Amino acid sequence: MNIETTLKEAMTIEGAVGVALVDYESGMSLGTLGGGPHLDLEVAAAGNTEVLRAKQRTLKSIDMDDEIEDILITLGHQYHLIRPLVSTSGSLFLYLALDRTRSNLALARHSLKRLEAGLEV
């Protein structure tokens, strides 16, 4: 599955507001879909790059030999999921914003894992 198809599939997840495929070394998004006036996906991609980097530094500093499966940020009206892609070479993550009232968090996490498995970059 290519980037465009993956982003389109992610937007079919119940409650999806926006999605981005991001390179966390540069902070640049390779593709975005959704978002809007209250969710600038380019800004969110760059900001979530810092979140992921900080967590990776923390794991390294406490000498924890483990990998991040995903990071959940719970807001008043939204869930933000950050999923590092271990199945691809490079430093990519999927970022998905969900409307809390219309989403199933467990199903969204499962869907991102499935999308990761099919993504070819």
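This note goes through a predicted model, from its sheet to its helices and cores.

1. The sheet. Five strands form an open sheet in the order β2-β1-β5-β4-β3, and their pairing is antiparallel. Strands β2 (28–34) and β3 (71–74) lie at the edges, each with pairing on one side only. From one strand to the next, the twist averages 15°.

2. Strands β1 and β5. Residues 16–23 make up β1 and residues 92–99 make up β5; the two strands are joined in the antiparallel sense over seven bridges. Two positions help to find the register by eye. Asp23 stands opposite Leu92 in β5, and Ala20 has Tyr95 of β5 as its bridge partner. Strand β1 is mostly covered, with seven of its eight residues buried.

3. Strands β1 and β2. These two strands also pair in the antiparallel sense, over six bridges. Gly18 faces a second glycine here, standing opposite Gly34 in β2. The hairpin of β1 and β2 has four residues between the strands, and Gly27 in this hairpin takes a positive phi near 80°.

4. Helix α2 against the sheet. Helix α2 covers residues 41–61 and packs on the sheet, where it touches β1, β2, β3, β4 (78–84) and β5. The direction of α2 makes about 120° with that of β5. As for length, the 21 residues of α2 should span 30 Å at 1.5 Å a residue, and this agrees with its end C-alpha atoms, which are 30 Å apart.

5. The two sides of α2. Which residues of α2 are buried? They are Leu41, Ala44, Ala45, Asn48, Thr49, Leu52 and Leu59. Seen down the helix axis, the buried residues of α2 fall within an arc of 145°, so they line one face of the helix. Their cover includes β1, β2, β3, β4 and β5. On the other side of α2, the residues Val43, Arg57 and Ser61 are exposed.

6. Asn48. This residue belongs to helix α2. Why does Asn48 count as buried? Its relative accessibility is 6%, and buried means under 20%. Leaving aside residues up to four places away in sequence, Asn48 touches Ile73, Ile82, Phe93 and Tyr95.

7. Helix α3. Residues 105–118 form helix α3, which lies across β3, β4 and β5. Relative to β4, helix α3 runs at about 30°.

8. The largest nonpolar core. In soluble globular proteins, nonpolar side chains tend to be buried together. The largest nonpolar core in this model has 18 residues, of which Ile13, Leu21, Leu81, Leu96, Leu98 and Leu112 touch the most other members. Two or more residues of this core come from each of α1 (3–11), β1, β4, β5 and α3.

9. Leu21 and its surroundings. Leu21 is among the core residues that touch the most other members. Not counting residues up to four places away in sequence, the residues that Leu21 touches include Ile3, Leu7, Met28, Leu30, Leu85, Leu92, Leu94, Leu119 and Val121. Ser29, Gly31 and Phe93 are also touched by Leu21.

10. A second core. Separate from the largest core is another of 15 residues. Its members include Tyr24, Leu39, Leu52 and Ile82. Leu52 appears above as a buried residue of α2, and Ile82 as a contact of Asn48.

Conventions
Residues numbered from 1 in each chain as written. Predicted model: local features only at pLDDT ≥ 70, side-chain atom pairs only at ≥ 80, totals over all residues. Heavy atoms only, no water. Pairing = 2+ DSSP bridges. Axes fitted to C-alpha atoms, helices over the stretch in contact; angles between N-to-C directions. Contact = heavy atoms within 4.5 Å. Core = buried A, V, L, I, M, F, W, Y, C linked by side-chain atoms within 4.5 Å. Buried < 20%, exposed > 50% of the residue type's maximum accessible area, 1.4 Å probe, protein only. Expected span 1.5 Å × (residues − 1). Arc of directions from axis to C-beta.
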